[in-house]
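Student: I've just opened this one and don't know my way around yet. Could you pick a single spot, take a close look at it with me, and then work outwards from there?

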Amino acid sequence: MDTDSVHSSHSRGSNRHSERSRERHKPRSRDGSNRSDKNVTISTASAHSAGAEQTPPTTEPQDDNWAETTTAVTGTSDHSLSQEDLAGFGKDSEAPVLKQSWLAFLPLALTLFLGVLVLVTPLAFLLLPQLLWAERLQACGTACEGLFLSLAFKLLILLLAGWAVFLRRPRAALPRLAVFKALLALLTLLLLLSYWLFFGVRILDSQDENYQGIVQFAVSLVDALLFTHYLAVVLLEVRQLQPCFSLCVIRSTDGETRHYNLGQLSIQRAALVVLEHYYKDFSVHNAALLTAAKSRTAKHLAALKVYSVDGPSSDGAASQSRAKMAAAARHKDTSHSELYYEEADHERRVRKRRARLVVAVEEAFTHVRRLQEEEKKKPPGDVMDPREAAQAIFPSMARALQKYLRTTRQQHCHSMDSIQSHLAFCITNNMTPKAFLESYLAPGPTLQYGKECWQVLQWTLVSEAAVTSPLRDGTDFQLKNPDFSLVVSSKAIPHLKISEEYVHPKSHKFVLLLQSETSV
């Protein structure tokens, strides 16, 4: 125990000395090109192109010195920045805008074509007899005119219902065709084809003179289309509402887990629902937090040196590798102590940086309130807007905030522009310092960060079963992107049987008998 404590205290002291020496000799460059922190941006092909190949990830350096290079001289504050200086820092490279393939618009084009055909067909049934044999048609009476009114309102209802269900912006591009949508489209085409065949054989060829019967024929078509739309609502919207499966979603890198209940869906639609929940429920993926164990192991192996007393030999490399493996095995006895002290030292530094950040932010917001009181005394034209106020107080907290983000490995998730925008938002809505710091002290949902931190243009669905097949008990699939994967396993919700037990109202009553005799 004494040896372990001496070894751990010596290692901690040497680590602190090396950190101080690195900070003392570290060059302070404005562009941050000498730093090891990188902002990794992975570009992939468009999600809608079939068989698209992924481009290799490109690494672009991010400016992490915006706190160290922030200087300010204005009349309203001791710390401020000019607009030219602000424009030069914290700007991430914009991802190239990828044009969507024509395959992405193919389902929408087919839906529009089918919708136009549905609306035009009843009107064509009414107009063709008027254009071809109008002089022989019987007069349309009151009942026929009432059918016109019914047909007009039914077409309007069908138009609005079709717009609400089918003409919606697609949430994603699925790898396979949606089975129920294809069946509904096929059923609608068969229905229209049948009516057109009947109209051509029985009405156009014979040139039927009963115009009221033709109008009733068109009304019956609209009624059939309304029932088809009702079937579409049941299959596409209502059928999936009742939960049938419990999905366990695990992120492969850090093991973060969530559980969701879903109805009867296909595998590809279940994957889409999982991704929608992922962006709002899972914390942002931070790859920097996952490199601590790897760097610790690599540092230990790099510190080992093997010497050969017999001189170089043919199997020298193999003997060195065996010696390092043996030394690593002996090192397991003390590795838990090093991990304990390393984590304790990291928590201590995080608490210290957090305390400094909280004090700096509170002082900055106090300065803002003082500025707001001074602005009330000025003319309306000289009042400072929230963006200028945020730029004025940002340098006073920038260094403490940057040190805290570096200690917690969040510096790549927050740029200077995003921090200033959030600060201006808090000032505009009169928020407290605690509300401002909440976005940085605790990791938030993935969607709360910039697109450069989470946006993936293409997810790959890996499944042994066909992606159009429905979910079943024990179905497993993966959603992969270049950084990590989501492993999804499904379990059927068991059938619950609830029995009833009748309790008689008088079963819980009792009688209290009191004795009249008392002891003297």
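**From a buried ring to the sheet**

Tutor: Let's start with F199, which is buried, its relative accessible area being 0%. Keep in mind that we're looking at a predicted model. Now, what does the ring of F199 pair up with? Its partner is F217: the two rings are stacked, 6.4 Å from centre to centre, with 15° between their planes. F199 belongs to helix α5 (residues 179–204) and F217 to helix α6 (residues 211–238), so this pair ties together parts that lie 18 residues apart in sequence. F217 is buried too, with a relative accessible area of 12%; the cut-off for calling a residue buried is under 20%.

This pair has company. F199 and F217 sit in a cluster linked by ring pairs, along with F125, Y195, W196 and F198. Over the whole structure, a search turns up 16 aromatic pairs.

One of the pairs is W459 with F484: the ring centres are 6.0 Å apart and the planes stand at 75°, so this pair counts as edge-to-face. Here the link joins distant parts of the chain, with W459 in the loop between α13 (451–454) and β5, F484 in the loop between β6 and β7, and 25 residues separating them. Both W459 and F484 are buried.

Those loops take us to the sheet. It's an open sheet of five strands, in the order β4-β3-β7-β6-β5, with antiparallel pairing. β4 (257–262) and β5 (460–463) are the edge strands with a single partner each, so each has one side left without a neighbour in the sheet. On average, neighbouring strands here are turned by 25° against each other, ignoring direction.

Have a look at β3, residues 245–251, which pairs with β4 in the antiparallel sense through six bridges. You can pick out some of the partners: S246 sits opposite N261 in β4, and C248 has H259 as its bridge partner. The two strands make a hairpin with five residues between them, and in the turn G255 has a positive phi of about 75°. With β7, β3 shares seven bridges, and those two strands also run antiparallel; there, I250 is bridged to V487. Five of the seven residues of β3 are buried, so you'll find the strand mostly covered.

While you're at β7, find S485, which lies in that strand. S485 is buried, at 11% relative accessible area. Leaving out residues up to four places away in sequence, S485 touches I250, R251, S252, Q478, L479 and K480.

Helix α7 (residues 267–281) lies across β3, β4, β5, β6 (476–480) and β7 (485–492), and runs at about 55° to β6.

One last stop is helix α10, residues 386–407. From its first C-alpha to its last, this 22-residue helix reaches 29 Å, close to the 32 Å expected at 1.5 Å a residue. Where does α10 have its kink? The bend is centred on M397 and comes to about 50°. Since 16 of its 22 residues are buried, α10 is largely enclosed by the rest of the structure. After the helix comes R409, with a positive phi near 60°.

Note on methods. Residues are numbered from 1 along each chain as its sequence is written. This is a predicted model: local features need pLDDT of at least 70, side-chain atom pairs count only at pLDDT 80 or more; totals for chains, interfaces and linings use all residues. Side-chain values use heavy atoms; hydrogens and water are left out. Two strands pair if DSSP finds at least two bridges between them. Helices (H or I, at least four residues) and strands (E, at least two) are DSSP runs, numbered from the N terminus. Axes are lines fitted to C-alpha atoms, for helices over the stretch in contact, and angles run from 0 to 180 degrees between N-to-C directions. Contact means heavy atoms within 4.5 Å. Buried means under 20% relative accessible area, exposed over 50%, partly exposed in between (1.4 Å probe, protein chains only). The expected span of a helix is 1.5 Å times one less than its number of residues. The bend at a residue is the angle between axes fitted to the seven residues ending there and the seven starting there. Rings of Phe, Tyr and Trp (its six-membered ring) pair if their centres lie within 6.5 Å; planes under 30 degrees apart count as stacked, over 60 as edge-to-face and the rest as tilted.
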